[in-house]
Amino acid sequence: MTTSLRGLLDGQLDRHSEVAAAMRSRLPQVQAVADELIRRLERGGVLYTFGNGGSAADAQHLAGELIGRYLRERRPLPAIALIGDAAVISCIANDYAYDEVFARQVTALVRPQDMVIGFTTSGTSPTVVKGLAAARAAGACSVAFTSIRGQDLAAAADLAVVVPAEETARIQEMHVLALHLVSELVDRWASDHGEHA
């Protein structure tokens, strides 16, 4: 490996470490999301989640951690990523507008006892902004996983995890970290309360 390439990769790792260290200041936000999710799961609520591109993968990742497991054996927890049904998404996009692909699903499915998490690195994705607005209209808890670029969305949501960075790659890396931290706390609750498979 050339010196210039090594320096480039070292710089990426250094920046990752810097943002990860800064996430310590966001631990209260992560805790608040986990606590509220646990309260809603205790009352029979469901987690709905969505995003676009890499954020869609994060939405599926979080749903998978809850339905499957994170670390501990426990019962599957109700979570649905609203990005996987091609027929529904293409129908909404074709008959209405792509901006409505999450909002219309939220309006159809979400109840007041549920939680809705939207992942967006920019905080300005129209699909996510409208999806979270629909969650609020339904009386559910709306949660934004975003960045310092998404301060308006974070302020409009009931709860938010705001990554202290502007680079998309670093934001996505911290969203995965945050969803793992939420999963750890939910797993611990489910295990401690005898919620085994």
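Okay, let's start with the long C-terminal-numbered helix, α8: what covers its buried residues includes α1 (3-22), α2, α3, β3, β4 and β5. Keep in mind throughout that we're looking at a predicted model.

So which residues of α8 are we talking about? The buried ones are R170, I171, M174, H175, A178, L179, V182, S183, V186, D187, W189 and A190. You'll notice charged and polar names in that list, including R170 and D187. As for the helix itself, α8 has 25 residues, and from first C-alpha to last it reaches 36 Å, close to the 36 Å you'd expect at 1.5 Å a residue.

Now, the core. The largest nonpolar core has 32 residues, and the members touching the most others are I117, F145 and V186. Who supplies it? At least two residues each come from α2 (27-42), α3 (54-67), β3 (115-119), β4 (141-147), β5 (159-163) and α8 (168-192). The largest share is from α8, with eight residues. There's also another core, lying apart from that one, with 25 residues, among them V46, I89, A154 and A160.

Let me stay with I117 for a second. Skipping its neighbours within four places in sequence, I117 is in contact with V33, L47, Y48, T49, F50, L62, L132, V143 and F145. One of those, V143, is the residue in β4 that stands opposite I117.

That takes us to the strand, β3. Is β3 buried or exposed? Five of its five residues are buried, so the rest of the structure largely encloses this strand. Both faces are covered, too: M115, I117 and F119 are buried on one side, V116 and G118 on the other. And β3 has a partner strand on two counts. With β1 (47-51), β3 runs parallel, joined by five bridges; F50 has G118 as its bridge partner there. With β4, β3 also runs parallel, and again five bridges join them. Put the helix in and you have a right-handed β-α-β unit made of β3, α6 and β4.

Speaking of α6, there's a residue in there I'd like you to click on: T127. T127 sits in helix α6, which covers residues 126-137. T127 is buried, at a relative accessible area of 2%. What does its side chain do? It makes a polar contact of 2.7 Å with the side chain of N52, and another, at 3.0 Å, with the side chain of S125. Leaving out neighbours within four places in sequence, the residues T127 contacts are N52, Y98, D99, V101 and F102.

Next, α3. Its 14 residues should span 20 Å at 1.5 Å a residue, and the end C-alpha atoms are indeed 20 Å apart, so the two agree. The buried residues in α3 are S55, A56, D58, A59, L62, A63, E65 and L66. What do they pack against? That would be α2, β1, β2 (79-81), β3 and α8. Recall that L62 was also among the contacts of I117.

Last stop, just past that helix: G68, in the loop between α3 and β2. G68 is partly exposed, with a relative accessible area of 35%. If you want a sense of distance, take R15: along the chain it's 53 residues from G68, and the two C-alpha atoms are separated by 32 Å.

That's my tour.

Key
Residues numbered from 1 in each chain as written. Predicted model: local features only at pLDDT ≥ 70, side-chain atom pairs only at ≥ 80, totals over all residues. Heavy atoms only, no water. Helix = DSSP H or I, 4+ residues; strand = E, 2+ residues; numbered from the N terminus. Buried < 20%, exposed > 50% of the residue type's maximum accessible area, 1.4 Å probe, protein only. Polar contact = N/O pair within 3.5 Å; in protein donor to acceptor, adjacent residues only side chain to side chain. Contact = heavy atoms within 4.5 Å. Core = buried A, V, L, I, M, F, W, Y, C linked by side-chain atoms within 4.5 Å. Expected span 1.5 Å × (residues − 1). Pairing = 2+ DSSP bridges. Right-handed = clockwise from strand over helix to strand, strands pointing away.
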